[in-house]
Amino acid sequence: MDAIAGCSANLTGFLNPHRKSQQFGHQSCLTRRNPLLMPICCSAGSPSSPSHAYDVVIIGAGIIGLTIARQFLLETRLSVAVVDKGVPCSGATGAGQGYIWMTHKTPGSETWELSMRSHKLWEELAEQVKADGLIPSQVMGWRRTGSLLVGQTPEEIDTLQMRVNLLSQAGLKAEYLSSNELRLKEPALAVGDGSSAAFLCDDSQLDAHRTVAYIEKVNRRFAAEGRYAEFYYNPVASFVRSGTTGDIVGVQTSENTLYSNRAVVVAAGCWSGCLMRELFRNSDVELDIPVKPRKGHLLVVENFSAFKLNHGSMEAGYVDHRAMNMGDESLLISMTATMNAVGNLILGSSRQFSGFGVEEDETIIDYIWNRAGKFFPALNEMNLESLRRSRKVRVGLRPYMPDGKPVIGPVPGAPNVFLATGHEGGGLSMALGTAELVTDIVLGNPSLVDCSPFAVEGRCWSRF
């Protein structure tokens, strides 16, 4: 099933509500009605539904949407509403591994500047948490573990040496580790004479659930002054257009009309393409965003004590998708391994094009476990079945773009509508840079990161 075919069945959360909404902070926001404003497309809301006005309305409460809200709240005086079909961490954000790594990024690539800027902003956020008298590891699950990109073949060793040189030239503290040095860094790894690694000591990881809870807490501080509100379990049904200019000035949800004075930002992950197509139905704008879901599994073994991981680890084949092909071109398995702040071992990962379903696949979990065992031999002495009580499986849908770059910027033919999606597995690591970039684009400010590689125009088919 492709993204288009699977879309209608999985837009139920956005377009066909069946669950009571959860709202926070909206009571103090300005409400209004205006006969010159009218919803377009099929509105699931009642004509008598409550209406509220904000400067910015953000569709999507994943890490991208919530950090965009945070950026507007902290850096401007604008008011913000976040609307979602569910709640935070119920999608790709909550299913991720939580690494903020640069070791697998390529200097000079079109996502490099955004990744670097985000990496710096995450470091600054951890420092700010500390300055506020809090402990980053408790608040965000933040740990500066460093990261290892592990190679086991002559080809991978050559590539790693070149990568370390490039990373060093780009200003990062990158180190090439020989097999002996790698054994000392990570004793649990299976290190043969032909093994090596690229090591970045400043890479970090965090817990997405804790981090999202912290960001929500920061955002909610602005609710008392009428600048922030959350509308969860509040699926978006249509845009609202001005009856005089035809411009999009808000969204109609299942229970509310949310007017926007400055911007509507769509940050709905892998559902963004389907959602935008539905929202523009019966309008003079046609837009095809080729983002589609790429399913991923992670295995979490709680309170793991068989060995300790000193650093986050990833096999070199993860970078260019040369990892283990399981005989199905849509499924790839790569070793990634981290240990979080509470001692849980997190193993990944899989990549698979299989539509919008998020069902667990026990075969894929076995593949992940066996692949990890090739790098961590102690796992081969354990029976995965015996760990069933202490294990959890995370399944999420990464928003995949065919050219490997997120889509960030204004929508042609739709003033005041902006996109921020398509980060695939890099949503968490690129979130803060994306939030800064979106804010600058909306406000018309010069941006620290070149936004042209992420533009909608030229990458997404449009007609208006």
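**Helix crossing, pocket and cavity**

Trainee: At roughly what angle do the axes of helix α3 (residues 63–75) and α12 cross?
Mentor: The two axes (lines fitted to C-alpha atoms over the stretch in contact, with angles from 0 to 180 degrees between N-to-C directions) come within 8 Å of each other. The helices themselves are DSSP runs (H or I, at least four residues) numbered from the N terminus, as are strands (E, at least two). For α3 and α12 the crossing angle is roughly 45°.

Trainee: What pLDDT do local features need in this predicted model?
Mentor: Residues are numbered from 1 along each chain as its sequence is written, and side-chain values use heavy atoms, leaving out hydrogens and water. In this predicted model, totals for chains, interfaces and linings use all residues, side-chain atom pairs count only at pLDDT 80 or more, and local features need pLDDT of at least 70.

Trainee: Which residues lie closest to the centre of the second largest pocket?
Mentor: This pocket (an open set of points on a 1 Å grid, with protein on both sides within 12 Å along at least five of seven lines) holds about 580 Å³ of space. Both β20 (391–400) and α12 (427–443) supply at least two residues each to the lining. Of the 25 lining residues (those with an atom within 4 Å of a point), the closest to the centre are His104, Lys105, Thr111, Gly404 and Glu424.

Trainee: How many residues of that pocket's lining are polar?
Mentor: The lining of the second largest pocket includes seven nonpolar and seven charged residues. Its polar residues number 11.

Trainee: What is the volume of the largest cavity?
Mentor: A cavity is a set of grid points where a 1.4 Å probe fits but cannot get out, and one cavity of 30 Å³ or more is counted. Residues lining the largest cavity include Gly94, Gln205, His209, Asn340 and Arg394. The volume of this largest cavity is about 70 Å³.

Trainee: Which strand holds Ser349?
Mentor: Ser349 follows Gly348 through a cis peptide bond, with omega near -5°. The strand in which Ser349 is found covers residues 345–352 and is β19.

Trainee: What value does phi of Cys89 lie near?
Mentor: Cys89 sits in the loop between β4 (80–83) and α4 (92–95). Its phi is positive, in a residue other than glycine, and lies near 70°.

Terms used. Grid points are joined across faces, edges and corners, and a volume is the space filled by probe spheres set on the points. Ala, Val, Leu, Ile, Met, Phe, Trp, Tyr, Cys and Pro count as nonpolar, Asp, Glu, Lys and Arg as charged, and the others, Gly among them, as polar.
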